[in-house]
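Please look through the sequence and structure shown here, and then read the report that follows on the strands, the core and the ligand shell.

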Amino acid sequence: MKRGNPGCNGRGTSPAGSNDLTPVEIGIEDVPDLFTVRTATRENALSRQQLSALGIDESSVIRMLETSHRGWLCRDGSRVVGFAMGNGLTGEMWVVAVLPEYEGRGIGRALLGRVEAYLRSRGRSRLWLTTDVDPSLRAYGFYRRCGWRDWKIASGLRYMKKTAANRM
Ligand SMILES: CC(C)(COP(=O)(O)OP(=O)(O)OC[C@H]1O[C@@H](n2cnc3c(N)ncnc32)[C@H](O)[C@@H]1OP(=O)(O)O)[C@@H](O)C(=O)NCCC(=O)NCCS
């Protein structure tokens, strides 16, 4: 993609000006940057301590990337501004996160779509995720807009699913 093209889905220029935001696959060396983004989102932010209490730290994410998961990220220059990861063994869309000043530019949709394509390439026809139960959070409307549908609420989490029929 040419310099000046905003990438991802092509809406406007990046806040920093003119960098290519096309999703690229996450490598082990990117893992620290994923934590920088995940702990800095406008909504649903989790601190490193909260993530650690869930068993999520840099070592566990590296293990996931080496075994069950793949993911993609968008950079603005050298800065990682969003990323998403999914579990090819279970069909779980595990995480998507975009920095506040980069929201609303199509980055989340592009990353989600990239991970969905990966999960389908692994033979997962029924994709699923968990998110906050609060429908006023941006994430819920975002997932609905991207073709995800409500499945169930269990253990204080909202489960959503996406099948071939919901593809957008
Ligand atoms: C949720 C999140 C990933 C969305 O990323 P984003 O880059 O702002 O989303 P996009 O700009 O790609 O939006 C994709 C589409 O969803 C729509 N959308 C987004 N939020 C919406 C909402 N609350 N209601 C309706 N539509 C919504 C957009 O208008 C856009 O529609 P379009 O492509 O038809 O124009 C981002 O807000 C985020 O990181 N939130 C905090 C972390 C989080 O909650 N992660 C997910 C759950 S843990």
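## Strand E3 and its partners

Eight of the nine residues of strand E3 (79–87) are buried, so E3 is largely enclosed by the rest of the structure; a residue counts as buried if 20 or more other C-beta atoms, placed from the backbone, lie within 10 Å of its own. Helices (H or I, at least four residues) and strands (E, at least two) are DSSP runs, numbered from the N terminus. This is a predicted model, in which local features need pLDDT of at least 70 and side-chain atom pairs count only at pLDDT 80 or more, while totals for chains, interfaces and linings use all residues. Residues are numbered from 1 along each chain as its sequence is written.

E3 runs antiparallel to E2, to which eight bridges join it, and leucine 73 has phenylalanine 83 of E3 as its bridge partner; two strands pair if DSSP finds at least two bridges between them. E3 also pairs with E4 in the antiparallel sense, over six bridges, with glycine 86 standing opposite methionine 93 in E4. The E3–E4 hairpin has four residues between its strands, and glycine 91 in that turn has a positive phi of about 85°.

## Nonpolar core

The largest nonpolar core (buried Ala, Val, Leu, Ile, Met, Phe, Trp, Tyr and Cys residues joined through C-beta atoms within 7 Å) has 32 residues, and Phe83 and Leu111 are among those with the most contacts inside it. H4 gives the most to this core, with seven residues.

## Ligand shell

The ligand is surrounded by 19 residues, Asn44 and Glu103 being among the closest; here a residue is near if its C-beta atom, placed from the backbone, lies within 6 Å. H5 gives the most to this shell, with five residues.

Methods:
Buried ≥ 20, exposed ≤ 12 C-beta atoms within 10 Å, placed from the backbone.
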